[in-house]
Amino acid sequence: MEIFAQQLVNGLVLGSIYALVALGYTMVYGILGLINFAHGDITMIGALVSITVVQLLAAAGMPAAVTLVLAGGVAMVVCVILGVSIERVAYRPLRRAPRLAPLITAIGISILLQYSAALIWGKQYIAMPELIEPTRISIAGAQLTDLQVVIFLLACLIMASLLWFIKTSRMGRAMRATEQNPDVAGLMGVNTNTVIAFTFVLGSAIGAIAGLMVVLYYGLGHYFMGFMLGLKAFTAAVLGGIGNVAGAVLGGLLLGVIESLASGYIGDLTGGVLGSNYRDIFAFLVLVLVLVLKPSGLMGQHSGDRA
Amino acid sequence: MSFSALISNPRWRRTAWIVIALLLLAAPFLIEATLGRSWVRITDVALLFIMLALGLNIVVGFAGLLDLGYIAFFAVGAYSYALLASPQLGIHWPFLLLLPLGAAVAALFGILLGAPTLRLRGDYLAIVTLGFGEIIRVFLNNLNRPVNITNGPQGITLIDPLQMGGFSLSQSHSFAGLTFSPVHSYYFVFLACAVLSIVISLRLENSRVGRAWMAIRDDELAASAMGINTRNVKLLAFAMGATFGGLAGALFASFQGFISPESFHLIDSIMVLCMVVLGGMGNVAGVVLGAVLLTALPEALRYIGPLQQSWFGEILVEPSDARMLLFGLALVLMMLLRPSGILPSRRRRMTLPSLTTKATRAAG
Amino acid sequence: MQMHTLRHTAAALIAGALIAGCGQDAPAPKAAAPAAPQMLTVKIGSASPLTGPQAHIGVDIRNGVQLAIEDANAANIEIGGKKARFEMVAEDDEANPTKATTVAQKLVDAKVAAVVGHFNSGASIPASKIYSDAGIPQISPSSTNPKYTQQGFKTTFRVVAHDDQQGPTLARFAAKTLQAKRVAVIDDSTAYGQGLADAFEKTIKEQNIEVVAREHTTDKDTDFRAILTKIKGNKPDLIMFGGIDPQAAPMIKQMKELGIKAGFIGGDGMQTPNFIKIAGDASDGAMASIPGLPKEQMPGGKEFLEKYKAKFGQEVELFAPMGYDAVMVFIDAMKRAGSADPAKFLPEIGKTNYQGVIGPIAFDDKGDLVNGPITIYVVKDGAWKPLETVKPDTAAAGK
C-alpha cells in the first residue's frame, strides 16, 4: 500500500510540473487558437536563466531564500520579455493567416530559442547548485520532500489565482471576451492586442516559474529540455480540454499520475510481458480513450461542430 | 511573341517538357560533376521526402486533417520491407512484392490510426495523431522482448537492396560509358516513384474523391448534408496518404540498408508538415517545392562554416549552431512573408477561408 | 488547369535544383604554408552530432579529434619521408541515420584519408557502407552495437568496448566483489544502454543471482521516481543502470530521496565529472566501469585531461579520449605503412598495437577492440576514484 501511495505522490508532483507548463499552452490556445510550440522552450530559457542566477548568487554567498526569489524574478522578467516579443514579431502579423502558418512559425521560433540557448549556455547538461538540504516528510508511508509539497501547492495556488483573476478582474473579463469573439470584443472597447499580449505575459511568467521548479526538482538544465516537457504539457492541456485553465491543471495532474502508475504497474498487470517501457503508449492510449468518449477533453467546452 | 503566348503554344510546351525530362534524366551526373556525390545522395533523399510530403498533402492539404504523426507510415513501410528482406527474420522476399506490400501495410495502418479520430476536430486530432506516431515508434523500439521482432533500438541491419537475380542496385554498374553508383541507380527508381506520386496526386485532386476531401476540409457539416459519407472519405484520405509514406519507407529501407527507430521521431513528422505548409498546402507543385527546399536548405547551410571563413577570416558562430539558427529564422521569415505557402493552392484562394485562425473563424 | 499545375511542378523541381546548387563547394581549406613538394596534407574526417540532444557528446568527440590533430602537427611527424600536416574535416550528422549517410558521402567526396565517427550505432552502421565502398577506414569512438563490425566490411573499427565485453565484466564484479544477491536492472531504451543492460543481466543470471526487477526508461526522461518506487518494493541490494550521466545523475538523487538503500552501478556512459556535479552529494558511492586502465595512471592520461580542460574550458564529457586515440591509431598506421593512402595503411590498422590515452589498443579480425582491462571506479569525496581493475577474460577480479 505504501508503494501505491508513493507512486501517487510521485505522479502528483510530476503532474504539477506538467500542469504549470500546460497553463501557458492552454491560455494562449484559448485566446489565439494557436498551439504555441515555442512555449516549452520559453520554460527552458527560464530554467537556464534560473541556474545562472543561482550560480552567481550562491558564489557570492547570498542566503538561499533570497537567491531563489531573485532567480525566479529574473527568470520571469526574461521570459516575459521573450514571450511578448515573440507574440509581437511572429504571431501578431499572422492573426488572419491560414491556421497552420503560425504553427510553422512557432516551430521556427522553437528552433531559434534552442540554438540561442546553445550559444549562450553551451550544449552540456548544466548542474543546478544545491541550495537547501531537503527536509524529508512521510505521509501514509510515502516519502516526500518539502520541495515536492511546494511544487504541488504552487500549481494549485497559481491555478486558483488565475481562475480568480479571470473571473473577477477587468482584464480577466476582457480576456474572456476576447476568447469568445475577438472582433465583437474589440467593438465593445476591449483592446485585443493588449489582452493578447497580457496573456503571453501571464503564460511566460508561469512558464518561467515552471522552469525554476524543474531545475530545483531535477537538478539539471539543458538547452534541449523544452521539447519533451512541452510535448507532455501539451498532451496534458488537451487531455484536460485545451483552452480551459482548470482543465490544464487537471490534465497535468492526471497525466503525471497515469505515467507514474503505468510505470509502476504495467509489468505486474501484464505478467511481465510488457514493462515500464510502454508507459508513454499507455498514457497516449488513455488520451485517445478520453477524446473518443469526450472529444473536447475532460473539461473542454466545444459545443457543436466546427469546420 | 509575349511570354504567355509562348507558353500556350503547344509546340513550345512539348519542347519544354522534353528539355525538362532530359534534365531530370541527366541530373545525377550533372549534380555529381558540379557539387559532388553527396549532393546526389541529398537529391535521392529529397525525392523520398517529395513522396512523403505529397502523402501528407492528401491528409492535411486536400482533406484538412491535421496529422502530426505522419512519419509513422514511413516507419511502417520501412519496417515491413526490412523485416521481410533481411537476416532479422531470415526472410528475403523480392522487392517487386515488398514495395507494394509496404504501401499496403501502411494503408492498413492509416485506416487503423484514422478510425478513432473521426469525431475529432483540429487540434485534438493533431495531438491524437501525434500520439499515434509516438506509439508506433515506441512499439518499434520495444518489440524485442519477449520475442525479438524489430530488434529494438539496435535496428535492423543488412537489409537487402533492390536487386533482381544477380543485379543489385547497391553495387556500381557501367553503362554507355557512365558509372552508375548506387546513389545514381536509386535516383532513377526514386524519380520514377516520385513522378508516379505526383501524377496520382494530380489525378486525385481533380477527381470525385478529391473534391469530396476538399468539401470536408471546407465545411464538414455541409459536405455530409450533401450526401458525402464523411467517415469513409476521411478514412480514404488517411489510407491514401499512408500509401505514399509506406512506399517511400520501403524504398528508404532498401536504400540505407539499415533502419532504426531513430529515423522516425516526432521532429521528422513536423518537418514533413513544414514542407507541406511552406510549399503551399493543397498545391501539388508547392508541396514538391517545399519538400525540395526543406531538404536542401539545411544541407546548403552546412557551408556556413567555410563561408564565415571567407567573409570574416574566422569562425564567429559555431557553424552547426549557425545552421540551425538560420534554418529556424528561415521558417519564421517564410511564414511571415508568405503565410499561405510559396505556391498557394488556387482553390484555396477561391473558397471561403477554411483553415483560418480562431479570430477569423469567430468573425464568420 | 492540369497542364498549368504540371508546369508548376516542373518549375518547382528546377527551382529546387537551382537552390540546391546555390551551395557552393567548400572553398579550399587554408593551409598554413603552401604545400611544398616535401609536404603531405592529410585530412582526417570527424563525424558526430554537433546539434540536437546529444550534441554535447558529439562536440566532445570532435574536440578530442581536434586536440589529436594539433598534437600531431606539433610533433612534426613524417610519413614516408614527407613532412605531414594534418587537418580535420568536421561534419554534423545530428545523430540521424539519414544525415549520417549524407555526411559520410561528403567526407568521401572531400577525400579524407580516414574518419573518426560516428557517435551512435544508428549513424555508424549506415555510414560504414559508404566508407567501405570508398575504401576509407573508419574508427568509431563510441558505437556499441555488435552488428557494426559484423557486416563484413574491412574498414570498420572501434576503440570502445562493446556491450558483450563491458556488461559481463560489470556483472562478474557485482557478483564477486560486491556480493550482490538481489539486482535490479534499468536501461534507457537506446542501443547503448539496453545493449549494456542486457549483457549485464544475462551474465548476472548465469551467476545464479536473482534479477528482482527489469525496468526501462527513455533517454529523454528525468523523472524516475515511478520505476524506482517499484524497484524499492522488490528490495534490491544493487541497482544497475545502462545509460548515460544526464539520466544517471537525477536517478541516483531520486534513489536516495526515496530512501532506497542499494548500491548503484553503471557503465562508461555514467563515469563523467558531470555526473558528480549534477548529482551532488547523492553521487557518493556510485560505481561505474570504464574500459582501459585508470587514465590518471596512464602515461598520457592525466596530461590529456589537463590539456583538454585548458583548451576547451570544460572537462572531458565522455568519448573525447577515444576520439583522440582514434586519430593517433590512424597516424600510427600511416607511419608504419609509410603512406597516407587509405589503400596502403588500411591493412596496417589491423596490426595496431598502440598505447593510447584509453589504454592498450589492438584490434581483432572484425575490428573490435581486443579485450582490454576494465577499471571500476567509485565516487568518493566528490570525485571518481579507481576501485579495481579487471583483467580481460578472467572470472575473478584482479588488481
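Reader: What covers the buried residues of α14(B)?

Author: In this predicted model, the cover comes from three chains' elements, among them α3 (64-91) and α4 (100-121) of chain A. Chain B adds α11 (266-279), α12 (284-300) and α13 (304-312). Chain C adds β3 (82-92).

Reader: Which residues of α14(B) are buried?

Author: The list includes B:P319, B:S320, B:D321 and B:R323. B:M324, B:L325, B:L326 and B:G328 are also on it. So are B:L331, B:V332, B:M334 and B:M335.

Reader: How do you know that the span of helix α14 of chain B agrees with its number of residues?

Author: Helix α14 covers residues 319-337 of chain B, 19 residues. At 1.5 Å a residue, it should span 27 Å. The end C-alpha atoms are 26 Å apart, so the two values agree.

Reader: Why is B:N151 called buried or exposed?

Author: The cut-off for buried is 20 or more other C-beta atoms within 10 Å. B:N151 has 24, so it is buried. The residue lies in the loop between α6 (122-142) and β3 (163-164) of chain B.

Reader: What makes the backbone of B:N151 worth a remark?

Author: Its phi is positive, about 65°, although B:N151 is not a glycine. Most residues other than glycine have a negative phi.

Reader: And C:N76: why is it called buried or exposed?

Author: Exposed means 12 or fewer such atoms. C:N76 has 9 other C-beta atoms within 10 Å, so it is exposed. C:N76 also has a positive phi, about 50°, without being a glycine. Its place is the loop between α2 (55-74) and β2 (78-79) of chain C.

Reader: How do you know that the peptide bond joining C:G117 and C:H118 is cis?

Author: Its omega is about -5°, and the bond is cis. Most peptide bonds are trans. C:H118 sits in the loop between β4 (114-117) and α4 (121-134) of chain C.

Reader: What makes β8 and β15 of chain C edge strands?

Author: The open sheet has seven strands, in the order β8-β7-β9-β10-β11-β14-β15 (chain C), with mixed pairing. β8 (210-216) and β15 (383-390) each pair on one side only, and they are the edge strands. From one strand to the next, the twist averages 25°.

Reader: How do you know that β11 and β14 of chain C pair?

Author: Pairing needs at least two bridges. Strand β11 (residues 287-291) and strand β14 (residues 374-380) of chain C are joined by five, so they pair. They run antiparallel. C:M287 stands opposite C:V378 in β14(C).

Reader: Which strands does helix α7 of chain C touch?

Author: Helix α7 (residues 225-233) packs on the sheet and touches β7 (182-187), β8 and β9 (238-242) of chain C. Its direction makes about 165° with that of β8(C).

Reader: Where do the domains of chain C run?

Author: Domain 1 is 39-160 + 319-361, and domain 2 is 163-291 + 374-390, by the domain assignment. Their C-alpha centres lie 30 Å apart. Domain 1 gives eight residues to the contact and domain 2 gives six. On the domain 1 side, three are nonpolar, five polar and none charged.

Reader: How many residues make the contact between chain A and chain C?

Author: Chain A gives 25 residues and chain C gives 30. On the chain A side, α1 (2-32), β3 (142-145) and α10 (245-269) give two or more residues each. α1(A) gives the most, with five. By class, that side has eight nonpolar, 14 polar and three charged residues.

Methods
Residues numbered from 1 in each chain as written. Chains lettered and ligands numbered in written order. Predicted model: local features only at pLDDT ≥ 70, side-chain atom pairs only at ≥ 80, totals over all residues. Helix = DSSP H or I, 4+ residues; strand = E, 2+ residues; numbered from the N terminus. Expected span 1.5 Å × (residues − 1). Contact = placed C-beta atoms within 7 Å. Domains from an automatic or database assignment. Nonpolar A, V, L, I, M, F, W, Y, C, P; charged D, E, K, R; others polar. Axes fitted to C-alpha atoms, helices over the stretch in contact; angles between N-to-C directions.
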